[in-house]
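Below are some notes for a colleague who is opening this model for the first time. They deal with empty space, ring pairs and a few single residues.

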Amino acid sequence: MFDGNWRSAVNRGLDPIGSVLCRMGISADAVTAFGIAMAAVAAVVIGRGHLILGLVFLILTGLPDALDGPIAKAAGTSSDRGAFFDSVSDRVCDALLFGGVAWYLGANEPGQIFMLPVALMATASVVSYQRAKAESLGLDAKGGLMERAERFVVLGAGLAFSFVLIPVLWAMLGLTAGTALFRFAKVWRQAGSLTSL
């Protein structure tokens, strides 16, 4: 949903910041690597039960993800290599963050509820894979209610108000699964229409 409605506007708003960081000699790859480092710290902090501090590091994970593109644009260094690094870093950050939440739930909640963020991570990976595979086929798989930006916001809410963390994760799982189904149907229709031509 964010990609479809607000991504262009947000990128335009961040372009001046990207230009400033570029002039300071900060590269897009360095910013992407910083985001991975912040995700690793967030995972440990969340796993150890410091959820509000984890929220701070979650924000520090998301900001580099938003800024690496504008920096690359300002530097004129946008490339397939940078796009690949950015995409891989997104998956690594997701795994770290949901792993930290699983660690926290395993240490603090009874039963097997720690598997909830694991299921969420797996479903989110399917959503990301659908887009990557569709784009490799020349098709469009954008859209859905729970894309990566929305997952960051919703997870942040769960960390800020820990008493609703588990219900938030369940809601996120349902919406992420719905997004996966939406994308599958969207690509299936596109592929079908091409086949019938």
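1. A pocket here is an open set of grid points with protein on both sides within 12 Å along at least five of seven lines, and a lining residue has an atom within 4 Å of a point. The model is a predicted one. With that in mind, the second largest pocket is lined by Y129, Q130, K133, A134, L137, R183, F184, V187 and W188. Two elements give two or more residues to this lining, namely α6 (115–136) and α8 (165–195).

2. The space in the second largest pocket comes to about 170 Å³. Sorted by class, its lining has six nonpolar residues, one polar residue and two charged ones.

3. One of the lining residues of that pocket is R183, which is found in helix α8. Is R183 buried or exposed? Its relative accessibility is 3%, and because buried means under 20%, R183 counts as buried. The R183 side chain is joined to the side chain of E147 by a polar contact of 2.6 Å.

4. Which residues does R183 touch, leaving aside those up to four places away in sequence? They are V127, Q130, R131, A141, K142, G143 and E147. Q130 also appears in the lining of the second largest pocket. R131 is 52 residues from R183 along the chain, and the C-alpha atoms of the two are separated by 7.8 Å.

5. F184 and W188 also belong to the lining of the second largest pocket. Both lie in helix α8, four residues apart, which is about one turn of the helix. Their rings form an aromatic pair with 5.4 Å from centre to centre and 20 degrees between the planes. Planes under 30 degrees apart count as stacked, so this pair is stacked.

6. The two partners of the stacked pair fall in separate exposure classes. F184 counts as partly exposed, at 48% relative accessibility. W188 counts as exposed, at 60%. The dividing value is 50%, since exposed means over 50% relative accessible area.

7. How many aromatic pairs does the structure hold? There are two. Besides F184 and W188, the rings of F161 and F163 pair, with centres 6.3 Å apart and planes at 75 degrees. Planes over 60 degrees apart count as edge-to-face, so the F161 and F163 pair belongs to that kind. F163 counts as exposed, with a relative accessibility of 69%.

8. Helix α8 also contains G192. This glycine is partly exposed, with a relative accessible area of 36%. G192 and L165 are 27 residues apart in sequence, and their C-alpha atoms are 40 Å apart in space.

9. Turning to enclosed space, the structure holds two cavities of 30 Å³ or more. The largest of them has a volume of about 60 Å³. It is lined by 13 residues, and T32, G35, T61, D65 and S89 lie nearest its centre. Four helices give two or more residues to this lining: α3 (28–47), α4 (51–75), α5 (80–108) and α7 (148–160). By class, the lining is made up of four nonpolar, four polar and five charged residues.

10. The second largest cavity holds about 40 Å³ of space. Its lining consists of D94, L97, F98, R151, F152 and L155. Here the elements giving two or more residues are α5 and α7. By class there are four nonpolar residues and two charged ones, with no polar residue.

11. D65, one of the residues nearest the centre of the largest cavity, is touched by D90. D90 lies in helix α5. At 11% relative accessibility, D90 counts as buried. Which residue's side chain makes a polar contact with the side chain of D90? It is R148, at 3.3 Å. D65 and R148 are the residues that D90 touches when those up to four places away in sequence are not counted.

12. Two buried residues in these notes have a side-chain polar contact described for them. R183 is buried at 3% and contacts E147 at 2.6 Å. D90 is buried at 11% and contacts R148 at 3.3 Å.

Note on methods:
Residues are numbered from 1 along each chain as its sequence is written. This is a predicted model: local features need pLDDT of at least 70, side-chain atom pairs count only at pLDDT 80 or more; totals for chains, interfaces and linings use all residues. Side-chain values use heavy atoms; hydrogens and water are left out. On a 1 Å grid over the protein atoms alone, a cavity is a set of points where a 1.4 Å probe fits but cannot get out, and a pocket is an open set with protein on both sides within 12 Å along at least five of seven lines; lining residues have an atom within 4 Å of a point. Grid points are joined across faces, edges and corners, and a volume is the space filled by probe spheres set on the points. Ala, Val, Leu, Ile, Met, Phe, Trp, Tyr, Cys and Pro count as nonpolar, Asp, Glu, Lys and Arg as charged, and the others, Gly among them, as polar. Buried means under 20% relative accessible area, exposed over 50%, partly exposed in between (1.4 Å probe, protein chains only). Rings of Phe, Tyr and Trp (its six-membered ring) pair if their centres lie within 6.5 Å; planes under 30 degrees apart count as stacked, over 60 as edge-to-face and the rest as tilted. A polar contact is a pair of N or O atoms within 3.5 Å; within protein, one must be able to donate a hydrogen and the other to accept it, and residues adjacent in sequence count only if both atoms are side-chain atoms. Contact means heavy atoms within 4.5 Å.
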